[in-house]
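User: I'm new to reading protein models and would like a close look at one part of this one. Could you pick a helix and walk me through what surrounds it?

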Amino acid sequence: MGDFTMPSLGADMESGTLTQWLVKPGDPVHRGDIVAVVDTEKSTIEIEIFENGVVGELVVKEGENVPVGSVLARVSAPGTAAVPAAGLAPVPAAPIEAAPSPVPEHPEITLPGPEITLAGPEPRRAPMSHSPVIRHLAEQLGVDLAGVAASGPGGEVTRADVERAAQAPPHAPTRASPLARRVAGELGIDLNGLTGTGPGGAVVERDLREARVPTSKVVAPSRSSGSARQESLRRAIGALMARSKREIPHYYLSTTVDAGAATAWLEKANLSRSVRDRLVLPVLLIKATALAVAKAPEVNGFFTDGEFLASEAVHVGVAISLRAGGVIAPAIHDANRLSLDELMLKLNDLVRRARAGVLRSSEMSDPTITVSNLGDLGVESVFGVIYPPQVAVVGFGAVTERPVAKDGLLGVRPCLTATLSADHRVSDGHRGGRFLAQIDRLLQEPEKL
């Protein structure tokens, strides 16, 4: 029997609110399964489990706020029956003030300083993704998730939504005029449930126009709720950045990178791609950073308890600006091993889910180095603040045409400024300079990235 605890999803996280369980006692779980949803100061996060077993007791109830390290559930070993609650040592879901001291499950990490915005158009908002548990439940009950009304955080479909949809009686198709069906498609309105005023109760165009107004009023986001989230996020960022500047002895370096080879290769490569499959410059910058880490392991890892722990894995945290304000920096795992196409897909998916509030706990807890890019805003240089316990942030500015002297001749080249903010307890200017030079060298051969 093991304990499934509230993970640390950032160096500044002290507690979280368990908003939804996606499993129940007796359910088998496997490493990587998403089993719960937790609301933090920054975002709503899907929590994964990191062991195989069978869910025993759910210790914490939905809606409870508990400190990091608190036991959320009991999990028994695979092949054993779930132990009933009465057989367990009592571990009450204590309120914050009475709870035990936080015991982080993962290395603490967090948040961003400068905002990053990705070059290129913002990806279209895709339909909300569903957790494996919800998809599995829908398949079992024969429910089409596309037609389920969501009541969870960020528009997420919950277990209760699926079970409610499975129990709903089937209804006859709604009668509607051809024009009404076409207008409904254009406005994104579901005909089911509308009251028709046409012949025989059929829905006609005017019914759709009238239905649109009250619907928009109902689904409009709560200003107070969004404002509270933004204030909470800003407080969390401020506290973490203050801690970073207070505790970490930063040093800063910058170099000018000739971006001619990278931009020319990107333009040529995208000629044969559909709009959907095109690559953007930040993908090359992330990949070059991830590969350059191999030459400078001092910038990839965590400084905890007075000791630097280099990470063999390269999980690049990407700072993403949120629509409601603030930034968040979830990780792209093993970025050094991904192809550019795979990295592009990961990046689009991460941005979409970050802005929809459906990030996963592993993405928030283990970035080993962060990349921040403000190039599309025209910013020339980005000097980031390190997100503890990481030890380095790489910044990229805009590509601009600049006068460049080469071999005694003056020309104009597309260039960008790459910066490094690093922890002086772990590395120094010499090592940091070699790291930036390696990024520069890699970007001169983009076809090898």
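Analyst: Here is a walk around helix 10, starting with the whole chain.

First, some ground rules: this is a predicted model, where local features need pLDDT of at least 70 and side-chain atom pairs count only at pLDDT 80 or more, while totals for chains, interfaces and linings use all residues. Residues are numbered from 1 along each chain as its sequence is written, and side-chain values use heavy atoms, with hydrogens and water left out.

The protein chain has ten helices and 20 strands; these are DSSP runs numbered from the N terminus, with helices (H or I) of at least four residues and strands (E) of at least two. Of its 449 residues, 49% count as buried, meaning under 20% relative accessible area with a 1.4 Å probe, protein chains only (over 50% is exposed, and in between is partly exposed).

Now zoom in on helix 10, which covers residues 429–443. Its 15 residues reach 21 Å from the first C-alpha to the last, close to the 21 Å expected at 1.5 Å a residue; that expected span is 1.5 Å times one less than the number of residues. At the N-terminal end sits a cap: a side-chain oxygen of Asp-428 lies 3.2 Å from the backbone nitrogen of His-430.

Which residues of helix 10 are buried? They are Gly-432, Phe-435, Leu-436, Gln-438, Ile-439, Asp-440, Leu-442 and Leu-443. An α-helix has 3.6 residues a turn, so residues three or four places apart point the same way. The cover over the buried residues of helix 10 includes helix 6, helix 7 and strands 9, 17, 18 and 20.

Let's follow helix 7, since Ala-292 is found there. Ala-292 counts as buried because its relative accessible area is 0%. Leaving out residues up to four places away in sequence, Ala-292 touches Phe-435, Gln-438, Ile-439 and Leu-442, where contact means heavy atoms within 4.5 Å. The C-alpha atoms of Ala-292 and Ala-437 are 8.8 Å apart, although 145 residues separate them along the chain.

Phe-435 has plenty of company too: beyond its neighbours within four places in sequence, its contacts include Thr-289, Val-293, Ile-369, Val-394 and Leu-420. Phe-435 and Ile-439, along with Phe-4 and Val-316, touch the most other members of the largest nonpolar core, which has 81 residues. Such a core is a set of buried Ala, Val, Leu, Ile, Met, Phe, Trp, Tyr and Cys residues joined through side-chain atoms within 4.5 Å. Helix 7 supplies the largest share of this core, eight residues.

Definitions and conventions:
Polar contact = N/O pair within 3.5 Å; in protein donor to acceptor, adjacent residues only side chain to side chain.
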